[in-house]
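Trainee: I would like a close look at a single part of this model, with the terms spelled out.

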Amino acid sequence: MEKKTTPIAKVDDLVIHYETRDGVVEAVNGVSFEILPADTFGLVGETGAGKTTIALAMMGLLPYPPTHIIRGKVEIDGEDIAKKSKNDMRAIRGKKVSMIFQDPMTALNPVVGIGDQIAEVILLHERCTKEEAQKKALDMLQMVGIRPERYKDYPHQLSGGMKQRVVIAIALACNPELLIADEPTTALDVTIQAQVLDMIKDLRDRFGTALMLITHDLGIVADICNKCAVVYAGEIVEIGTVEDIFDRPQHPYTLGLFASIPSLDKDVERLQPVKGQIIDPTDLPPYCSFCDRCDRCTEQCRAADPKLVEVSPGHFVKCIFARKEAD
Amino acid sequence: MALLEVEHLKQYFPVSKGLLHAVDDVSFTLEKGKTLGVVGESGCGKSTLGKTIIRLLDPTAGTVRFEGQDIAKMPAREFHKIRPDIQMIFQDPYASLDPRLSIRELIAEPMRIYKTQPTKEALNRRVDELMDTVSLAKRFENSYPHELDGGRRQRIGIARALALNPKLIVCDEPVSALDVSIQAQVLNLLQDLQKELGLTYIFITHDMSVVKHISDDIIVMYLGQIVEKAPAKVLFQQHWHPYTKALLSAIPVPSLHNRPQRVLLQGELSSPINPKDTCRFAGRCAYCTEACKNGKTPALREIAPDHFVACHRVQEINALPDAT
Amino acid sequence: MAKNLTPEMQKINARRTKHGKVRQSTPGKEAWLRLIRNKVAILGMIILILLALVAILAPVLTPYGFDEVNMKDKLQFPSAKHPFGTDQLGRDMLTRCIYGTRITMPIAIFAVLFAILVGGVLGIIAAYFGGTVDNTIMRIIDIWGSIPGIMLAIAIVACLGNNETVLVIGLSMGAVPNMARTFRGAIFTVIDSDYVESSKAMGASNFRIMFRHLVPNAVGPVILAIVGLLGVEVLCVSALSFVGVGISPPTPEWGSLLSTGRQYLSSHAYLCLFPGIMIMLAVLGFNLLGDGLRDALDPRLK
């Protein structure tokens with residue numbers, strides 16, 4: 001496959017709000033990043049940080065109303081998806097970008113055989129006969145490690161791990177250039193999760209698919225990604241390569257996340273959690289959203305919303321205390 | 001005398017295809033003030049074990065001795081008197097609180113049931129005290145559970161469990177539904193309470209890093225049986241059962257350095273319904289031999305002091321001297 | 001305070017939070033808020049409140065007595081003096097229709113209450129204890145339910161004589177299976193909740209779990225069924241009176257008014273029209289309220 005250096009997906013200053021009964025939720029607030037064809041991009045954050053909203057926006061799947069895209073744009077393969085018609089978007093989804101969701105149980109149709117569900121997607125996007133589609137579906141099943149004789153099985157006959165494999169097979173059936181995986185292994189046991197992650201890695205290398213992985217688990221990011229962004233209250237607070245984030249983190253929130261996870265190789269008597277509660281997205285302050293939970297918060301932090309600062313090439317931190325790296 | 005002694009505990013459920021062996025011959029003892037971690041994957045019977053110990057389920061066989069009394073077989077009326085000593089914190093703080101009760105009512109409920117507070121004022125004072133203990137701000141007293149975030153809800157669950165001054169608390173995945181930053185707060189709270197009140201915990205979880213952090217001893221369960229039992233510090237240095245090895249290596253470590261070599265398991269969990277009397281892990285084990293597949297269920301043997309493993313080939317695999 | 005609110009979103013925000021944030025509320029209160037925003041439900045409620053007022057204020061609303069015979073003015077068409085006309089004995093139809101509200105509605109409501117009491121308790125017990133208890137109760141309910149409700153009512157009235165109390169019992173007996181099944185089903189949806197287990201672990205009594213935790217949480221579908229049943233019972237009361245086994249003349253029950261008016265249908269159709277409209281209004285009120293409730297209680301439609 002040819003190496004492209006233009007980004008497959010580019011998100012530019014995206015601001016997304018949605019209406020709820022409790023007021024307007026400021027879900028995404030000025031998020032920018034790009035994914036190159038060889039990237040595995042991790043989007044890390046806690047519940048309600050806006051990770052899934054970003055992903056759905058990239059798929060053009062946000063319902064309007066209640067969702068409002070206030071500003072910014074998403075470009076897939078250099079083209080603004082806001083300018084695309086519904087039919088064009090349908091072609092882009094599956095062919096260029098596809099997405100897998102957290103819960104494999106609800107993503108599959110319970111009354112259609114798993115093989116036929118894969119074939120159906122291929123038929124939708126590619127000009128081929130039913131037989132060809134079925135043959136390709138069979139290949140896909142084997143690719144994700146499911147024996148061909150299970151082609152006619154129904155979803156309920158499979159375990160959780162197997163179902164997630166089928167979902168991944170469906171998502172990859174049309175060779176998308178970008179696969180967005182929203183918490184793909186959260187519903188699975190650790191040993192099964194390890195199998196599925198290994199398989200995702202293997203398929204990514206084999207097909208050359210770019211991957212955007214949404215997760216709350218920093219361990220998974222360390223395992224599989226090369227770039228990553230930490231999201232808090234709909235903003236990227238730190239973005240860079242995994243080395244930047246894991247070895248030289250600067251943002252207090254990123255540091256707090258690491259201190260919150262009990263370590264396996266060190267003995268820590270007491271964890272150092274991030275204080276306070278997760279911020280209410282209907283009530284964001286006009287200054288740094290992390291202020292109330294931050295130990296280093298000063299008057300200056302409450303004066304204005306900090307900008308992303310480039311501390312080393314490609315490593316950005318949204319904090320006034322961010323300092324250029326010495327090396 | 002140990003606070004809790006569980007011997008040959010069995011919990012079978014009749015299902016359409018036969019008997020589901022959710023907990024199959026589990027024994028352990030737990031000293032006062034200690035924390036026992038129970039780890040395993042979904043379906044290994046760890047939650048059932050917890051529910052059987054606090055008698056939400058009546059065991060099929062076996063004994064559960066709490067302070068020397070067999071609580072598994074005692075009449076319900078008598079057990080009602082002991083129940084305040086044994087409480088539980090539930091996994092899902094979203095589902096384990098009645099959505100129609102206010103925070104104050106929720107925390108007061110156990111004390112209303114046991115009528116521990118003679119007057120309304122005493123009850124209110126005790127609720128305030130409990131809210132303070134779990135660091136729940138007073139302004140939430142009239143809120144309802146769905147208005148609070150997961151961390152605060154779990155604090156309510158903890159306050160409810162503490163209300164009757166228990167000696168033993170079974171914590172069933174108390175932090176699994178929480179975000180990491182909140183999870184750490186709740187873990188710290190649980191540890192502080194243990195120190196202050198001298199509590200004993202049974203801590204059930206699937207998260208190895210959490211269980212390592214909080215436990216003194218750890219039991220690893222697979223399909224209803226204990227496969228390995230060791231002090232927490234020992235287990236993470238020396239894990240001898242092939243399943244424990246796989247489980248520990250599968251944890252995604254949030255660091256780019258010294259990542260463990262993955263031991264990938266083949267296949268999926270076998271069925272816990274009418275299991276054969278052989279090693280239950282045989283189907284997924286990399287070290288499995290014909291003898292493992294056809295032999296009896298391996299017994300839990302003490303391989304090193306306080307370190308128990310249920311594997312026929314534990315000495316061969318780990319190049320250990322034959323203890324027997 | 002906000003980060004990126006555009007004027008347009010600010011407007012939405014202001015509209016959404018006009019009444020302050022809808023916090024500190026139970027699911028019940030939230031359902032209530034949704035209900036009073038539902039136009040259909042409001043219409044249903046208005047109809048029912050008007051009917052209730054009419055029943056309470058009956059003596060004030062009309063100068064005539066409901067059994068005031070005035071042979072001089074018999075079979076008069078609607079006029080300013082008698083807006084609904086008069087019947088074959090010269091009684092004012094408006095007055096009789098108004099007093100009818102006092103007869104039909106309470107009978108329907110008490111029949112439903114009685115059915116809730118018997119059927120509800122049976123259903124709750126069946127669902128909570130399950131197993132043999134459930135099987136025994138539900139098989140009895142199945143046999144009970146195989147007898148048409150109206151037949152049961154006719155049989156009971158035939159045995160015990162037709163007064164209001166007997167009619168209430170007769171009608172409620174027919175509705176017991178329906179209520180038992182509704183309660184049982186509703187309890188089943190919440191019985192596996194973790195909070196039930198949590199209370200059990202705390203040593204709560206069966207009674208406490210059933211009535212403090214299960215019933216309040218299962219109340220949604222039950223309310224729907226009850227409102228639906230009220231409409232049906234209004235029809236049943238009228239139907240029984242119409243065929244002559246319910247409330248008999250001269251008591252101005254709507255069904256019996258209709259039955260009497262039938263004899264004059266070709267010449268004095270208004271004698272049937274107005275009681276018919278009253279029955280229709282009452283049933284419509286309950287059905288509209290039921291529809292509104294269905295929307296309000298279904299959180300998926302939020």
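Trainee: To set the scene, how many helices and strands does the secondary structure of chain A come to? Then, in chain B, in what order do the four strands of the open sheet stand?

Mentor: This is a predicted model, in which local features need pLDDT of at least 70, side-chain atom pairs count only at pLDDT 80 or more, and totals for chains, interfaces and linings use all residues. Residues are numbered from 1 along each chain as its sequence is written, with chains lettered from A and ligands numbered from 1 in the order in which they are written. Chain A has ten helices and twelve strands (DSSP runs numbered from the N terminus: helices are H or I, at least four residues; strands are E, at least two).

In chain B, the order of the open sheet is β2-β1-β4-β5, with antiparallel pairing (strands pair if DSSP finds at least two bridges between them). The edges are β2 (18–30) and β5 (69–70) of chain B; each has a single partner strand, so one side of each lacks a neighbour in the sheet. Within the sheet, β1 (residues 4–15) of chain B is joined by five bridges to β4 (residues 61–66) of chain B. In one of these strands, β4(B), Arg65(B) is the bridge partner of Glu5(B). Helix α1 (residues 46–53) of chain B packs on the sheet and touches β1, β2 and β4 of chain B. The direction of this helix makes about 65 degrees with that of β2(B) (axes are lines fitted to C-alpha atoms, for helices over the stretch in contact; angles run from 0 to 180 degrees between N-to-C directions). Ile202(B) is in contact with residues including Leu30(B), Gly50(B) and Ile53(B), leaving aside neighbours within four places in sequence (contact: C-beta atoms, placed from the backbone, within 7 Å).

Terms used:
Two residues are in contact if their C-beta atoms, placed from the backbone, lie within 7 Å.
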